[in-house]
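Q: Please take a close look at one part of this predicted model and describe how its surroundings are built. A connected account, formal in tone, would be welcome.

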Amino acid sequence: MLKGLLLSWMLITVWVVVQSVVLHVAAPRKTFNSMLTWFAPTLPLYLLLYYITPADLGFLLSEYVGVDWRIGLGNGLVVYLLLFLTVGLFYSHADRSITIRLLIELARAPEQRLTLSEMRAMCGVAVLQDRLGIMVRNGFLAARGDRFVLTPKGWIAGTVGLVARRILRIKAF
Amino acid sequence: MKGLLLASLALGLLVVGTVIGLRFYRGGKEFKVFLGALVGAIGVYAGTFWLLPADLRFLPTSWQETSPAVDFWNGLLVLGLVFHGYWTFCYFACVSPSMGALVALRLKGREGTSADEAVAIHGSDTPADLIFQRRLPKLLQGGYVKEEAGAYRLLARGERVAAFGSFLKRLINARIGAQ
């Protein structure tokens, strides 16, 4: 099991470094698509590395080798996908969090003070209009004249959100 | 494999626990329900891992991890990573302005919405009020900002978070601030 875990940690580290360079050099407009594009080839690479490397990776103690190789392979793959998801969510927190944006605006303001209307101007309507643009770019909404309508992808996401809101009771305000 | 199976069981209980907990919780700090459920799930996981035999009475020998420590920490890692994803999904689904717009459009059907209507979803008299109605009280209660002469001033705690946020944004080459 440890072999799969070590391979997945190694690959996610390499991918994070490569993706950071891509974000700085190419500044892609569809960031998550870029993440997926650069991550996808690492999946067969993981399988290949698992196949060609010895069970002990040349340095693991014998007590860490022995579980059915299919379990080790599958477990490493699941952990690898979860790590990718976690990095993606980390990106999302850093890029999209309104609270963080609010605090950054306050930190940049003269005397680090803002009135509510100033905050509304910086982090309110502007943020919501940004998000509409992002949802159009990412294919959740389509612009028809001056109106936005759901795409099939947006309909599925909206349904998931609707069901989640009915099951979970987290207050939006 | 024992660790993974027990982590799955603990995650199932965690999801049920948060759904039930959120139905009864009346405060504004839902994250406490999630953290409480996580602590409970870790307790269930560690307790059952310690109590139950390595083969769980049905696992074949080849499916058993030879090192109990690797098995335990692997299960805990998976538990932690899935919990993080679940927590983020729940907050995104229920609080995110983007999801709010998608849900509103889903309920409206084919007629769609204009940009102004979409913005108005998040407020009553003043657009985008919902954004501040949820976040500002939390920032005030948490000691990140304080209200002062009709304005909000950043406190040291908030400054540290803002500095960390700016650092993260530089790391991912994201725009910092409105301009």
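A: The account below begins with a strand pairing and then turns to the chain and residues around it.

In this predicted model, the part chosen is strand 3 of chain A, which covers residues 147-150. Within chain A, strand 3 pairs with strand 2, residues 141-144, in the antiparallel sense, and 4 bridges join the two. These strands form a hairpin with 2 residues between them. In the turn, A:Gly145 has a positive phi of about 65 degrees. Across the pairing, A:Leu150 in strand 3 has A:Leu141 standing opposite.

Strand 3 of chain A also pairs across the chain boundary. Strand 1 of chain B, residues 113-114, runs antiparallel to strand 3 of chain A and is joined to it by 2 bridges. In this pairing, A:Phe148 has B:Thr113 as its bridge partner.

Next comes the residue that follows the strand. A:Thr151 lies in the loop between strand 3 and helix 8 of chain A, the helix being residues 152-167. A:Thr151 counts as buried because its relative accessibility is 16%, below the 20% limit for that class. A polar atom of the A:Thr151 side chain lies 2.5 Å from the backbone oxygen of A:Gly139. Apart from neighbours within four places in sequence, A:Thr151 is in contact with A:Gly139, A:Phe140, A:Leu141 and A:Ala142. A:Leu141 thus appears both among the contacts of A:Thr151 and opposite A:Leu150 in the hairpin.

The partner chain can be described as a whole. Chain B holds 7 helices and 3 strands, and along the sequence these follow the pattern α-α-α-α-β-α-α-β-β-α. The radius of gyration of chain B is 22 Å, whereas a compact globule of 179 residues would have one near 16 Å. The C-alpha trace of chain B spans about 65 × 45 × 35 Å along its principal axes. Of the 179 residues in chain B, 46% are buried. Among contacts in chain B between residues at least 6 apart in sequence, 55% join residues at least 24 apart. The exposed area of chain B is about 8900 Å², of which carbon and sulfur atoms supply 65%.

A second link between the chains involves B:Arg153, which is found in strand 3 of chain B, residues 151-154. With a relative accessible area of 25%, B:Arg153 is partly exposed. Beyond its neighbours within four places in sequence, B:Arg153 is in contact with A:Glu111, A:Gln112 and A:Arg113 from chain A, and with B:Tyr144, B:Val145, B:Lys146 and B:Glu148 from chain B. A polar atom of the B:Arg153 side chain lies 3.3 Å from the backbone oxygen of A:Glu111. Between B:Arg153 and B:Asp71, the C-alpha separation is 49 Å, at 82 residues apart in sequence.

Finally, the cysteines. A search of the whole structure finds 0 disulfides over all chains. B:Cys90 is in no disulfide, and its nearest cysteine sulfur, that of B:Cys94, is 6.5 Å away. For B:Cys94, the closest cysteine sulfur is that of B:Cys90, and the 6.5 Å between them is too far for a bond, because a disulfide requires the sulfur atoms to be within 2.5 Å. B:Cys90 counts as buried at 0% relative accessibility, and B:Cys94 counts as buried at 2%.

Methods: Residues numbered from 1 in each chain as written. Chains lettered and ligands numbered in written order. Predicted model: local features only at pLDDT ≥ 70, side-chain atom pairs only at ≥ 80, totals over all residues. Heavy atoms only, no water. Buried < 20%, exposed > 50% of the residue type's maximum accessible area, 1.4 Å probe, protein only. Contact = heavy atoms within 4.5 Å. Polar contact = N/O pair within 3.5 Å; in protein donor to acceptor, adjacent residues only side chain to side chain. Rg over C-alpha atoms; globule rule 2.2 N^0.38 Å. Areas by Shrake-Rupley, 256 points an atom, 1.4 Å probe, with all protein chains shown as cover. Pairing = 2+ DSSP bridges.
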